[in-house]
Amino acid sequence: MLLFGWIAGILSNIYNVPQIYHTWKTKSSKDLSIISILIKLMSYIFYIIHANIIKDPPLFWNTILSVVQVIIMAIQYLIYKKDEIKDEIKDEITIN
């Protein structure tokens, strides 16, 4: 029964939304781990391959959505990390 797969996939994707929102709201990458993001991305790629092999649509499509969410988090990390480094440099110049 694929219904349980769809429900599980939707619930698993919901847990990324608060992190994405929090990072956007605070404009800070301090709450994100790039290592964690990369491990998630690699695991999702393997899930997509697996889902394709066993022909499991809920797993395939929900994992595609998870990949999109992780890519958003990676982009947030890169943008906000760059901004944080700029701010640190600006603060150092101001202090000296």
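## A tour of the aromatic rings, a surface patch and a pocket

Select phenylalanine 4 first: at 58% relative accessibility this residue counts as exposed (buried is under 20% relative accessible area, exposed over 50%, partly exposed in between, with a 1.4 Å probe and protein chains only). Before you click on, know that this is a predicted model, where local features need pLDDT of at least 70, side-chain atom pairs count only at pLDDT 80 or more, and totals for chains, interfaces and linings use all residues. Residues are numbered from 1 along each chain as its sequence is written, and side-chain values use heavy atoms, with hydrogens and water left out.

**Stop 1: the patch.** Phenylalanine 4 sits in helix 1 (helices are DSSP runs of H or I, at least four residues, numbered from the N terminus). Now add Met1, Leu2, Leu3, Trp6, Ile7, Ile10, Leu11, Ile14 and Trp61: with Phe4 they form a nonpolar surface patch of about 1,100 Å² accessible area together. Patch residues have over 30% relative accessible area and no salt bridge, and nonpolar side chains (Val, Leu, Ile, Met, Phe, Trp, Tyr) are joined within 5 Å. A salt bridge here is a side-chain nitrogen of Lys or Arg within 4 Å of a carboxyl oxygen of Asp or Glu. Which helix gives the most to the patch? Helix 1 (residues 2-14) does, with eight residues.

Zoom in on isoleucine 10, also in helix 1. It is partly exposed, at 47%. Isoleucine 10 and tryptophan 61 are 51 residues apart in sequence, yet 9.8 Å apart in space, C-alpha to C-alpha.

**Stop 2: the rings.** Rings of Phe, Tyr and Trp (its six-membered ring) pair if their centres lie within 6.5 Å; planes under 30 degrees apart are stacked, over 60 edge-to-face, and the rest tilted. That rule gives two aromatic pairs. Select tyrosine 21 and tryptophan 24: their centres are 5.8 Å apart and their planes at 45°, so this pair is tilted. The two are three residues apart in helix 2 (residues 16-26), which means about one helical turn separates them. Tyrosine 21 is partly exposed, at 46% relative accessible area. Next, pick phenylalanine 60 and tryptophan 61, an edge-to-face pair with 4.9 Å centre to centre and 90° between the planes. Tryptophan 61 is exposed, at 52%.

**Stop 3: the pocket.** Finally, show Gly9, Ser12, Leu59, Asn62 and Thr63, the closest to the centre of the largest pocket among its 16 lining residues. Helix 1 gives the most to this lining, with six residues. (On a 1 Å grid over the protein atoms alone, a pocket is an open set of points where a 1.4 Å probe fits, with protein on both sides within 12 Å along at least five of seven lines; lining residues have an atom within 4 Å of a point.)

Note on methods: Patches are made of residues with over 30% relative accessible area and no salt bridge: like charges are joined within 9 Å, nonpolar side chains (Val, Leu, Ile, Met, Phe, Trp, Tyr) within 5 Å. Accessible areas come from the Shrake-Rupley method with a 1.4 Å probe; for residues, only the protein chains shown count as cover.
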